Structure formats: structure tokens, C-alpha cells
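Visitor: Please choose a single part of this model, examine it closely, and then set it in the context of what surrounds it.

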Number of protein chains: 2
Amino acid sequence: MGTDNRTLHNRVLAVLGPAIAADEYEPGHAFTLQGLEEDFGVSRTVAREAVRVLESMRLVVSRPRTGIRVRPRSDWSVFDPQLIRWRLAGPGRMAQLRSLNELRAAVEPAAAALAAARGDAEERAQLVVVAERMTSTGQAGDLDAFLDLDIAFHRRILELSANEMFVGLSQVVAEVLIGRTSFHLMPRNPRPEALRLHTAVARAVADGLPDVAEAAMRSIVSEVAVALEADGSA
Amino acid sequence: MGTDNRTLHNRVLAVLGPAIAADEYEPGHAFTLQGLEEDFGVSRTVAREAVRVLESMRLVVSRPRTGIRVRPRSDWSVFDPQLIRWRLAGPGRMAQLRSLNELRAAVEPAAAALAAARGDAEERAQLVVVAERMTSTGQAGDLDAFLDLDIAFHRRILELSANEMFVGLSQVVAEVLIGRTSFHLMPRNPRPEALRLHTAVARAVADGLPDVAEAAMRSIVSEVAVALEADGSA
DNA sequence: CCGTCATCAATAGTGATATCAATCAGTCCG
DNA sequence: CGGACTGATTGATATCACTATTGATGACGG
């Protein structure tokens with residue numbers, strides 16, 4: 001998934017990033033470059049490059065004499081896709097899924113409305129095809145294929161919204177859908193009601209009915225919220 | 001605003017970042033490290049650190065033999081606050097403001113509802129005070145003071161939503177409000193209707209009425225959209 | 001006697017340079 | 001047409017001089 005493992009500094013990041021993201025270090029904890037060099041067995045250059053990336057995500061701040069200090073969580077760039085992935089991989093995954101889903105609940109209905117209002121007509125029509133395939137694979141119980149289609153469906157709507165901020169969330173939405181499936185917050189067969197709602201969204205978007213699309217999408221995302229709240233694990 | 005100018009690589013970024021963000025280079029355009037060293041008069045170390053940061057924002061990709069290639073805009077991490085600031089500073093500012101405002105329109109009503117539902121009671125009550133001060137400074141025509149209060153108001157609501165993704169958008173919302181004022185998309189005196197709506201949101205949040213808060217906030221943000229659409233400049 | 005401020009040295013990041021290894025796009029040749 | 005070659009370019013390491021920041025030290029004044 002994504003993270004480039006070819007360069008050394010990325011391999012350092014792949015360990016250090018998740019550790020910081022998992023709150024394994026108190027805010028204010030200070031690393032030193034030399035410590036990182038030794039811990040990871042890398043050169044100073046590589047250690048510094050890794051720190052620069054963490055710094056650009058606002059996870060740490062590097063200052064002479066003090067070292068590399070972990071910043072309080074409130075400073076972090078929580079929308080950074082890499083940080084989101086790190087947190088989804090760690091012990092904070094349920095909290096992250098919950099907050100991401102509230103974001104979805106806010107954004108996707110708006111995106112559906114915009115898609116219906118200004119998306120390309122032909123692409124809007126294709127959405128219905130995706131929804132139909134979701135219904136058939138869903139009824140067949142093929143969860144993997146269903147997940148792929150579900151991701152494609154939601155991505156397509158975000159893309160049709162023609163708002164680059166919304167489009168930028170497609171990867172995040174995909175991660176939420178993947179996480180929801182892999183943590184078994186999905187029924188074995190998608191609920192018929194959910195399938196019906198996806199079709200309703202597709203049709204409303206294709207027919208250029210923003211309000212209908214928005215309302216139907218709102219039903220979809222609020223359903224997921226219920227599933228997440230029901231699961232009590234941290 | 002924000003960007004640390006103490007280190008050399010940040011100063012390189014402060015030039016290179018906005019240039020790429022402003023589409024001054026075609027996707028696929030290749031820099032070389034040596035070229036950057038010469039253009040900016042910095043060492044290889046510094047040039048590489050700057051490239052690492054751009055790479056983590058997915059603005060460029062660095063590969064042996066090929067050099068440092070600019071990625072297509074669709075790959076960019078459009079939620080990165082630094083990238084947002086670069087784009088707001090360049091020729092794409094109106095487009096960026098528009099898309100950010102659509103994001104606000106989606107997120108802030110949801111945040112207001114959450115704030116009413118789960119925010120700390122005392123802090124919710126304080127929101128009314130802020131709204132009252134907005135009314136008085138607004139009527140007095142003190143645009144600067146009004147802007148500060150406006151930013152505080154919206155930030156407070158995002159914080160009260162207790163969703164870290166929403167909280168992470170406060171800086172972005174602040175930039176939109178600042179941009180809206182500095183590009184004179186604000187009337188000299190805030191419209192009485194807008195003031196009334198802010199008070200309505202504050203009261204609904206304080207009284208713990210999610211639906212009312214959400215509806216009132218929706219009125220606020222859609223009003224701004226009208227102002228942005230009215231202005232045709234690119 | 002205690003608090004405040006200037007001074008100074010130790011420390012850790014910052015920046016520069018040199019050098020070699022690894023990679024890969026494009027070319028040349030069989 | 002395919003495969004080896006090669007030079008350009010990044011990847012990684014080592015090392016050095018520089019600089020900012022801190023915390024201690026001590027002088028001064030209340």
C-alpha cells in the first residue's frame with residue numbers, strides 16, 4: 001500500500017512514523033540525530049531526511065541544542081494520508097476510523113449533490129452501472145469484489161464533484177471502507193437497504209437531482225456511523 | 001504566517017513550493033539536484049532535504065537517472081496546509097478559495113451539530129459571548145477585529161466538535177476567512193442577517209440543539225458561496 | 001541573602017564537500 | 001527485434017566547519 005520502500009529514509013519513516021503516531025512517545029520527547037543514526041544503523045544524511053519529512057507533517061520540531069522534539073497531537077497534520085495510514089495501522093485505528101467516518105458523513109452528501117449538479121453526463125450515467133454491479137456481487141456474497149466496487153463507487157462520486165479537496169479524500173474514504181471490512185464491521189452480505197440506497201444515489205446523480213442524491217448519500221454514511229458506534233473496542 | 005524561515009531548505013521550499021503549486025512547471029517536468037543546487041546556491045544536502053519535503057507532499061517524485069519530476073496535480077496532497085497556503089498565495093487563489101469553501105459548507109454544519117451534541121457545556125456557553133462581540137464590532141464597522149472574532153468563532157466550533165479531523169481544518173477555515181476579507185469579498189459592514197445567524201448558531205450549540213445549530217451554520221456557509229460565485233475573477 | 005541579568009562554554013542541529021554505490025533511460029550492436 | 005552497455009543522476013556515507021540555543025556560572029543590585 002503506497003509507501004515507497006526503496007529509499008532508506010522511507011524505511012526509517014516506516015518505523016518511526018507509526019511509533020510516534022501511536023503515541024509511543026510523550027509530546028516533548030526528544031530524539032537526537034545521533035540516536036536515530038545508531039538505532040537505525042543509517043547515516044546522518046538519511047536520519048536527517050527522515051526528520052525533515054516528520055517535520056513537514058508537524059509531528060516533530062527540530063532545533064539546535066534541544067534535538068528533535070515530538071509535538072503535541074493537536075499540532076499534527078491530521079489530513080496527511082501517510083499519517084492517516086500510520087494511525088490506522090496502530091492501536092488508534094478505531095478512533096481514527098470513527099473520526100474519518102464523521103468526516104465522510106459531512107463530505108460525501110455534499111459531494112453527491114455537486115456530482116449531480118455539475119458532473120459529466122456520461123460519467124454520471126456510468127455510476128448506475130457500478131451500483132448495479134454492487135447489487136449483484138453483494139447478493140452473491142462476494143465481499144472482496146463488493147469492496148472494490150464500493151470503493152470505486154464512492155471515488156467516482158468524489159471525482160464527479162469536481163472539487164479537488166473532495167477528490168483528495170478518495171484515498172481516505174477507500175481506507176475507511178477497507179478498514180471497516182477488515183475489522184468485520186460489515187455484515188457477511190451487505191444489507192439490502194444499503195444496496196438500494198447506493199442505487200438511489202446513482203440514479204439521482206445520473207438524473208441530475210442534487211437534493212435527492214444528497215439525502216440518499218446521507219442515509220448511506222449515517223448507517224456506517226451506527227455500525228462503528230456499536231463496536232466498543234478502542 | 002507559519003513557515004519557518006530559519007533553515008536553508010525551508011527557504012528553498014518557500015520559492016520552489018509556490019512555483020510548483022502555481023503550475024509554473026508542467027507535470028513531468030524534471031529538475032535535477034545539481035540544477036537546484038546551482039539555482040539556489042545551496043549544497044546537495046540542503047537541496048535534497050527540500051526535495052524530500054516536496055516528495056512527502058506528493059508534488060514531485062525523485063528517481064535515479066530521471067531526476068525530480070513534477071507529478072500531475074491529481075496526485076498532490078491537497079490537504080497539506082503548506083500547499084494550501086502556497087496556492088492561496090498564487091494565481092490559483094480564487095479557485096482554491098472556492099473549493100475550500102465548498103469543503104467548509106460540507107464540514108462546518110456537521111461540526112456545529114457535533115459541538116452542540118458533545119461539547120463541554122461551559123465552553124459552549126462562551127460561544128454566545130463571542131457571537132455577541134461579533135455583533136458589536138460588526139455594527140461598529142471594525143473589520144479587523146471582526147475578522148479575528150469570526151476566526152475564533154469558527155475555530156471554537158470545530159474544536160467543540162471533538163473530532164480531530166474537523167479541528168485540523170481550523171487553520172484552513174481561518175485562511176479562507178482571511179482570504180475572503182483581503183480580497184474584498186466582504187461588505188464593509190457584515191450583513192445583519194449574518195450576525196443574526198452567528199448568534200443563532202451560538203445559542204443552539206449552547207442549548208445543545210444539534211439540528212438547529214446545523215441548519216443555522218448551513219445558512220452561514222452557503223451565503224459565502226454566493227459571494228464567491230458572484231466574483232468571476234480567476 | 002536573594003533575585004536578576006550578562007557572559008560563556010558545551011551541545012546538537014545546520015550546511016558544505018568529497019566520494020562511491022546503485023539505478024535506469026536511452027543507445028548501440030548483434 | 002532484443003539484449004548488453006553506458007553515462008547521467010540519485011542514493012548513501014563520512015567528515016568537517018559553522019551556528020544557534022541552552023543552561024551554568026558569576027557579578028551586580030536590591
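Guide: A residue is called buried if 20 or more other C-beta atoms lie within 10 Å of its own, exposed if 12 or fewer do, and partly exposed in between. The model is a predicted one, and the part chosen here is R58(A), in the loop between α3 and β2 of chain A. R58(A) counts as partly exposed because it has 19 C-beta neighbours inside 10 Å. Its backbone deserves attention as well: R58(A) has a positive phi of about 65°, although the residue is not a glycine.

Another position in chain A invites the same two questions. A162(A) is also not a glycine, and its phi is positive, at about 60°. This residue lies in the loop between α7 (143-160) and α8 (164-167) of chain A. Here 17 C-beta neighbours fall inside 10 Å, so A162(A) is likewise placed in the partly exposed class.

The helix on one side of the R58(A) loop offers a buried position. A50(A) belongs to helix α3 of chain A, and it counts as buried because 28 C-beta neighbours lie inside 10 Å. Leaving aside residues up to four places away in sequence, A50(A) touches H9(A), V12(A), L13(A) and L16(A). For A50(A) and L13(A), the separation in sequence is 37 residues, while their C-alpha atoms are 5.9 Å apart in space.

These positions belong to a chain with eleven helices and three strands. Read from the N terminus, the elements of chain A follow the order α-β-α-α-β-β-α-α-α-α-α-α-α-α. The C-alpha trace of chain A spans about 60 × 35 × 30 Å along its principal axes. Chain A has 234 residues, of which 42% count as buried. Among contacts in chain A with a separation of 6 or more, 67% join residues 24 or more positions apart.

The two elements that flank the R58(A) loop also appear in the account of the DNA. Around DNA strand D there are 21 residues, and those that come nearest are L8(A), S43(A), T45(A), R65(A) and T32(B). The surface near DNA strand D receives two or more residues from each of α1 (8-21) and α3 (44-56) of chain A, and from each of α2, β2 (60-63) and β3 (67-70) of chain B. With three residues, α3(A) gives the most to this surface. By class, the surface near DNA strand D has seven nonpolar, nine polar and five charged residues.

DNA strand C is likewise surrounded by 21 residues, with T32(A), L33(A), L8(B), S43(B) and P64(B) coming nearest. For this strand, two or more residues come from each of α2 (33-40), β2 (60-63) and β3 (67-70) of chain A, and from each of α1 (8-21) and α3 of chain B. The largest share of the surface near DNA strand C, three residues, is that of α3(B). Seven nonpolar, nine polar and five charged residues make up the surface near DNA strand C.

The helix α3 of chain B can be followed further, through its packing against a neighbouring element. Two packed helices are described by the angle between their axes and the distance between the axes. For helix α2 (residues 33-40) and helix α3 (residues 44-56), both of chain B, the angle is about 110° and the axes are 9 Å apart. This angle makes α2(B) roughly perpendicular to α3(B). The crossing in which α2(B) passes α3(B) is right-handed. On the α2(B) side the contact is made by L33(B), L36(B) and E37(B), and on the α3(B) side by R44(B), A47(B) and R48(B). Three of these contact residues are nonpolar, three are charged and none is polar.

Finally, the two protein chains meet one another. In this interface, 24 residues of chain B are in contact with 24 residues of chain A. On the chain B side, α3, α5 (93-118) and α8 (164-167) each supply at least two residues. The largest share of that side, eight residues, comes from α5(B). The residues of chain B that touch chain A divide into eleven nonpolar, seven polar and six charged.

Key: Residues numbered from 1 in each chain as written. Chains lettered and ligands numbered in written order. Predicted model: local features only at pLDDT ≥ 70, side-chain atom pairs only at ≥ 80, totals over all residues. Axes fitted to C-alpha atoms, helices over the stretch in contact; angles between N-to-C directions. Helix = DSSP H or I, 4+ residues; strand = E, 2+ residues; numbered from the N terminus. Parallel < 35°, antiparallel > 145°, perpendicular 65-115°, else oblique. Left-handed = near helix turned anticlockwise from the far one by under 90°. Contact = placed C-beta atoms within 7 Å. Nonpolar A, V, L, I, M, F, W, Y, C, P; charged D, E, K, R; others polar. Near = placed C-beta within 6 Å.
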